[in-house]
Amino acid sequence: MAITEEMLSQLGYRFAVLLPPLNERQRRLAVAAEARLLGHGGVRAAARAAAVSETTVRRGITELEAGTGPLPGGRIRTEGGGRKPAEEIDPGLVNALMALVEPDERGDPESPLRWTTKSLRHLAEELTRQGHPVSAPTVGRLLKQAGFSLQANAKTLEGAQHPDRDAQFRYLNEQVKQYQAAGDPVISVDTKKREQIGRLPMAGREWRPKGDPVRVEDHHFFFSGPDVEQAIPYGIYDIARNTGWVNVGVDHDTSTFAVESIRRWWKACGHSDHPKATRLLITADAGGSNGYRYRVWKSELAALAAETGLAITVCHFPPGTQCRCLS
């Protein structure tokens, strides 16, 4: 019996409805059953209608003729079928991979990827060069099985600490409490992140009239170099009043600039917020323009004390302390 185009069309419709919910083995047997019913030329016609290979259909016919029942345990393929994992084919693959991702622990400080980004692609390329051909997805699977995951650096190494570090913080805390109890001002100072001045491109969008975006430069390097002005915010935080004040400079972050910022804060709001103050406590980190090593910082503070009549005391935080006076 000749297989007509109408028969193929009907067969394709049945396959489109029947095959999607079935698993691999069930689809193979269903297509094979239709091929047997079609007779001569049925294998090619069924394979064409189901969009599978003729080899798959012939295998299904063989299984039907052998009377093979369902596989145990609900399996789709017989046990041992399919390609073996890469680590079974190449027993040395895992050890070679571990030597690349953990060179120090594996005694290989001269690993070729010691100072290279250890992406899956780089690891796969190096393993292939060493005689362990493998793909990047397989490398990812092996790393996950070994307990690895993508992780950022953890900032936990602080180096050697002074044995009296805790006592230093306790002393600073007591000083602040004493000043606050007496009604005297306590401020925390720090230079904030510098910003370049100019028509620089920034990420994000904002509401503007249609077709009228803000025009900016197309490259940042137009605003780089020693002659480019920068905005330098110096923050002053009044701890008792929970208020902040910022002085912005465009020159350099010097001790003179730092003390001038404190002077302007005092003139702008400090003296009015604390009209009865006779002394001022300043807390600051140990570096930058308000660092304890600079003579200019000390001499400028002495000039400010003489000018305002305040007894100024500075408490520097121990090294390694982050001072955030403004949120």
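## Reading the terms against the model

The structure holds zero disulfides.

User: Happy to start there. What makes a pair of cysteines a disulfide in this predicted model?

Analyst: A disulfide is a pair of cysteine sulfur atoms within 2.5 Å, and the structure holds zero of them. This is a predicted model, in which local features need pLDDT of at least 70 and side-chain atom pairs count only at pLDDT 80 or more, while totals for chains, interfaces and linings use all residues. Residues are numbered from 1 along each chain as its sequence is written, and side-chain values use heavy atoms, with hydrogens and water left out.

User: Why is Cys269 called buried or exposed?

Analyst: Buried means under 20% relative accessible area, exposed means over 50%, and partly exposed is in between, using a 1.4 Å probe and protein chains only. Cys269 has 19% relative accessibility, so Cys269 counts as buried. Cys315 counts as buried because its relative accessibility is 7%.

User: And how do you know which label fits Ser261 and which fits Ala2?

Analyst: The relative accessible area of Ser261 is 0%, so Ser261 is buried. Ser261 is found in helix 10 (residues 255-273), where helices are DSSP runs of H or I with at least four residues, strands are runs of E with at least two, and both are numbered from the N terminus. Ser261 touches Tyr234, Ile236, Trp245 and Asn247, leaving aside residues up to four places away in sequence; contact means heavy atoms within 4.5 Å. Ala2 has a relative accessible area of 59%, so Ala2 is exposed. Ala2 is found in the segment before helix 1 (5-18), and its C-alpha lies 8.8 Å from that of Leu38, 36 residues apart along the chain.

User: How do you know that the span of helix 9 agrees with what is expected?

Analyst: The expected span is 1.5 Å times one less than the number of residues. For the 17 residues of helix 9 (residues 165-181) that gives 24 Å, and the end C-alpha atoms are 25 Å apart, which agrees.

User: What puts the buried residues of helix 9 on the same side?

Analyst: The buried residues in helix 9 are Arg165, Leu172, Gln175, Val176 and Tyr179. They cover an arc of only 95° around the axis, which puts them on the same side of helix 9; the arc is that of the directions from the helix axis to the C-beta atoms. The other side has Arg170 and Ala181 exposed. Cover for the buried residues includes strand 1 (186-191), strand 5 (279-284) and strand 6 (311-316). Just after helix 9, Gly183 takes a positive phi of about 80°.

User: What makes one side of helix 4 the buried one?

Analyst: In helix 4, Val57, Gly60, Ile61 and Glu63 are buried. Their arc around the axis is only 160°, which puts them on the same side of helix 4. Thr55, Thr62, Glu65 and Ala66 are exposed on the face turned away from that side. Helix 2 (24-38) and helix 3 (42-50) are among what covers the buried residues of helix 4. Gly67 follows helix 4, with a positive phi near 70°.

User: Last one: which residues lie nearest the centre of the largest pocket?

Analyst: Lys118, Phe148, Ser149, Leu150 and Gln151 lie nearest its centre, among 15 lining residues. Two or more lining residues come from each of helix 7 (120-129) and helix 8 (136-145). Helix 8 gives the most, with three residues.

Conventions. On a 1 Å grid over the protein atoms alone, a cavity is a set of points where a 1.4 Å probe fits but cannot get out, and a pocket is an open set with protein on both sides within 12 Å along at least five of seven lines; lining residues have an atom within 4 Å of a point.
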